[in-house]
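Please examine the sequence and the structure shown below. The paragraphs that follow lead through its strands, its helices and its interior.

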Amino acid sequence: MPQSIAQVYLHAVFSTKNRNPIITKEMQPELYAYIGSVCKSNGIIPVKFGGVEDHVHLLFGMPRTITIAKTIETIKTSSSKWAKEKFDKNFAWQTGYGVFGVSYHEVATVVNYISNQESHHQKFSFKDEFRALLKEYGIDVEETYLWD
């Protein structure tokens, strides 16, 4: 085949440093728009972004020419610098992240999940939500190394 084709959707989740509740409702639209612009300028296809005060969920299409680690590094580094300059000089993301593969047929389900973060987090903490995602995807992790 002379052409390389890929369609890979990923659901990334990461929190603010120490899960500090610093992503205000006023900040969220601008933050997600900024992350979207970073994605587009790097060939990443933004689908849906959302979250609450202490973490974000990003659903995006991956280009075939960039690694997951580089994608997340680019998004986190750029958006952290932007948020420090625009909103809070102490803004920082946690060191790690979670990334989960999403089937094309499940994209709408994940979009809906991300859209309903505010109501979801009236019942569940970020830690509980992340534990549930790990369980759903069959990932067994030592919690000692999960939180910073």
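Serine 15 stands opposite histidine 55, a residue of strand β3. This pair belongs to the pairing between strand β1, residues 8-15, and strand β3, residues 55-62; the model, it should be said at once, is a predicted one. The two strands run antiparallel and are joined by eight bridges. Strand β1 also pairs with strand β4, residues 98-102, through five bridges, and these two strands are likewise antiparallel. Within that pairing, alanine 12 has valine 99 of β4 as its bridge partner. Is strand β1 largely enclosed or exposed? Seven of its eight residues are buried, so β1 is largely enclosed by the rest of the structure.

Strand β3 also contains histidine 57. A residue counts as buried when its relative accessible area is under 20%; histidine 57 has a relative accessibility of 0%, and therefore it counts as buried. Its side chain makes a polar contact of 3.2 Å with the side chain of histidine 55, and a polar contact of 3.2 Å also joins it to the side chain of glutamate 129. Setting aside residues up to four places away in sequence, histidine 57 touches several others, including His11, Ala12 and Val13, as well as Tyr113, Gln117 and Leu133.

Glutamate 129 leads to helix α5, which comprises residues 126-136 and in which Phe126, Glu129, Phe130, Leu133 and Leu134 are buried. Why do these residues lie on the same side of α5? They cover an arc of only 140 degrees around the axis, which puts them on that one side. A general rule helps here: an α-helix has 3.6 residues a turn, so residues three or four places apart point the same way. The buried residues of α5 pack against β1, β3 and β4, and also against the helices α3 (107-115) and α4 (117-120). On the face turned away from this buried side are the exposed residues Lys135 and Glu136. After α5 comes glycine 138, with a positive phi near 70 degrees.

Helix α1, residues 27-41, may be considered next. At 1.5 Å a residue, its 15 residues should span 21 Å, and its end C-alpha atoms are indeed 21 Å apart, which agrees. The buried residues of α1 are Met27, Gln28, Leu31, Tyr32, Ile35, Gly36, Val38 and Cys39. Viewed down the helix axis, they fall within an arc of 165 degrees, so they line one face of α1. Their cover includes β2 (45-52), β3 and α2 (68-86). The face turned away from the buried side carries the exposed residues Pro29, Ala33, Lys40 and Ser41. Glycine 43 follows α1, and its phi is positive, near 75 degrees.

The interior can now be described. The largest nonpolar core has 22 residues, and those with the most contacts inside it are Ile23, Leu31, Ile35, Val56, Leu58, Phe60 and Trp93. The elements that give two or more residues to this core are β1, α1, β3 and α2. Which element gives the largest share? Helix α1 does so, with five residues. Leaving aside neighbours within four places in sequence, phenylalanine 60 is in contact with residues including Val8, Leu10, Ala12, Ile45, Val47 and Ile72. Apart from the largest core lies another, of eight residues, among them Phe126, Leu133, Leu146 and Trp147.

Conventions. Residues are numbered from 1 along each chain as its sequence is written. This is a predicted model: local features need pLDDT of at least 70, side-chain atom pairs count only at pLDDT 80 or more; totals for chains, interfaces and linings use all residues. Side-chain values use heavy atoms; hydrogens and water are left out. Buried means under 20% relative accessible area, exposed over 50%, partly exposed in between (1.4 Å probe, protein chains only). Helices (H or I, at least four residues) and strands (E, at least two) are DSSP runs, numbered from the N terminus. Two strands pair if DSSP finds at least two bridges between them. The arc is that of the directions from the helix axis to the C-beta atoms. Contact means heavy atoms within 4.5 Å. A polar contact is a pair of N or O atoms within 3.5 Å; within protein, one must be able to donate a hydrogen and the other to accept it, and residues adjacent in sequence count only if both atoms are side-chain atoms. The expected span of a helix is 1.5 Å times one less than its number of residues. A nonpolar core is a set of buried Ala, Val, Leu, Ile, Met, Phe, Trp, Tyr and Cys residues joined through side-chain atoms within 4.5 Å.
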